[in-house]
Amino acid sequence: MGWHACVVQKGAMDMAVTYREIAETDDRKVRKRFTSGEPVIDRYFRQFALENHQRRLNTTHIATSEGEIVGFVTTVVGSLKLPDELYERAKLPRYPMPVLLIAQLGVHVENRGQGIGSALVAFAVERAERLRETHGCMAVTTDPLNESAVRFYASLGFRALPLVADPAVHRRPSMYIALAELANVDRIVPP
Ligand SMILES: CC(C)(COP(=O)(O)OP(=O)(O)OC[C@H]1O[C@@H](n2cnc3c(N)ncnc32)[C@H](O)[C@@H]1OP(=O)(O)O)[C@@H](O)C(=O)NCCC(=O)NCCS
């Protein structure tokens, strides 16, 4: 699955996109030019993403093209207490379930609709599958910022978690995609 580099459509032109970890060498001015159109996402990226990554409080990976940052995703391991009926339906032990959380996701406003967002989500899913093998992981989760983000994740197969067990932890409704359901993962992986 080729998330390291892929080609997306930019108008009639192909655009090469490379995916890698954020790094100290990423120029501050370049980082400041990244604009997703959502101030809360941009503020996180500009002010906290690199430092948090270096301290390994989470990890941030960026998509770059022609020296510019066109997207980023921040992931972190977490655990999720499920609604009672889900434990029963799936015959799960009643512990919080291990998950990989997509904590932040943004695509540059000028690069929306080119498959970069879904490639970054596919990357997070790949990481979760590796985590599943090494430490256990049940799902990829996210707390979408707004209704538009909910529709984006839904288009990739994410579902709303019906009831949020701990509203103090999950302020917004959570969405998830269970790794066992990812037989159709190719759908969200770039060509
Ligand atoms: C949401 C966001 C990450 C999507 O990134 P993107 O690169 O434009 O998305 P993609 O091009 O990969 O789109 C993938 C699919 O989702 C769909 N999609 C994208 N945004 C959508 C939206 N707002 N509503 C409904 N569907 C959407 C696309 O139509 C596409 O479906 P298709 O393959 O059937 O055409 C991007 O618009 C963004 O950064 N928004 C601002 C920040 C934000 O809201 N981040 C999410 C925080 S939780």
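Colleague: Let's start with the inside. Which residues of the largest nonpolar core touch the most other members?

Modeller: In this predicted model, the largest nonpolar core has 42 residues, and Ala63, Val99, Ile102, Leu120, Ala124 and Val140 touch the most other members. The helix α4 gives the most to this core, with nine residues.

Colleague: Can we zoom in on one of them? What does Val140 touch, not counting residues up to four places away in sequence?

Modeller: Val140 touches Val99, Leu100 and Ile102, then Ala124, Val125 and Ala128, and also Tyr176 and Ile177, once residues up to four places away are left out. You can link those names to elements: β5 covers 97–107 and α4 covers 116–134, while β8 covers residues 175–178.

Colleague: Nice. How many helices and strands does the protein have?

Modeller: There are five helices and eight strands. Walk from the N terminus and you meet β-β-α-α-β-β-α-β-α-β-α-β-β.

Colleague: And how do I read strand pairing? In which sense do β6 and β8 pair?

Modeller: Here's an idea to carry with you: in a regular strand, side chains alternate between the two faces of the sheet. As for the pairing, β6 (residues 139–142) and β8 are antiparallel partners over four bridges. To find your place, look for Thr141, which stands opposite Tyr176 in β8. Strand β7 (residues 159–160) also pairs with β8 in the antiparallel sense, over two bridges. There, Ala160 has Met175 of β8 as its bridge partner.

Colleague: What about residues that are far apart in sequence? How far apart in space are Thr74 and Gln104?

Modeller: They are 30 residues apart in sequence, yet their C-alpha atoms are 4.9 Å apart. Thr74 is found in strand β4 (residues 68–80), and Gln104 in strand β5.

Colleague: Are those two buried or exposed?

Modeller: You count C-beta neighbours, and 20 or more within 10 Å makes a residue buried. Thr74 is buried because it has 25 other C-beta atoms within 10 Å. Gln104 has 23 within that distance, so Gln104 is buried as well.

Colleague: Which residues do they touch, leaving aside neighbours within four places in sequence?

Modeller: For Thr74 the contacts are Ala49, Asn58, Thr60, Ala103 and Gln104. Gln104 touches Ile41, Tyr44, Val73 and Thr74. For another pair across the sequence, take Gln104 and Asp42: 62 residues apart along the chain and 9.7 Å from C-alpha to C-alpha.

Colleague: How does that look over the whole protein? What share of contacts with a separation of 6 or more joins residues 24 or more positions apart?

Modeller: That share is 65%. As for burial, buried residues make up 34% of the 191 residues.

Colleague: Now backbone angles. Why would someone bother to check the sign of phi?

Modeller: Because most residues other than glycine have a negative phi. In this structure, Arg56 has a positive phi of about 55° without being a glycine. Lys91 is another non-glycine residue with a positive phi, near 50°.

Colleague: Where do Arg56 and Lys91 lie?

Modeller: In loops. Arg56 lies between α2 (39–54) and β3 (59–65), and Lys91 between α3 (84–89) and β5. Arg56 counts as exposed because 8 other C-beta atoms lie within 10 Å. Lys91 has 6 such neighbours, so Lys91 is exposed too.

Colleague: There's a ligand in the picture. Which residues are closest to the ligand?

Modeller: The closest are Arg112, Gly117, Ser118, Ser148 and Arg151, out of 22 residues that surround the ligand. By type, the shell divides into eight nonpolar, eleven polar and three charged residues.

Colleague: Which element gives the most to that shell?

Modeller: α5 does, with five residues. β5, α4 and α5 (147–155) each supply at least two.

Colleague: Last one: what pLDDT does the protein average?

Modeller: It averages 84, and 81% of the residues score at least 70. Over residues 1–12 the pLDDT is below 50, and that stretch has 29 contacts in the model beyond near neighbours in sequence. Residues 183–191 are also below 50, with 15 such contacts.

How values were computed
Residues numbered from 1 in each chain as written. Predicted model: local features only at pLDDT ≥ 70, side-chain atom pairs only at ≥ 80, totals over all residues. Near = placed C-beta within 6 Å. Nonpolar A, V, L, I, M, F, W, Y, C, P; charged D, E, K, R; others polar. Core = buried A, V, L, I, M, F, W, Y, C linked by C-beta atoms within 7 Å. Buried ≥ 20, exposed ≤ 12 C-beta atoms within 10 Å, placed from the backbone. Contact = placed C-beta atoms within 7 Å. pLDDT = per-residue confidence, 0-100. Pairing = 2+ DSSP bridges.
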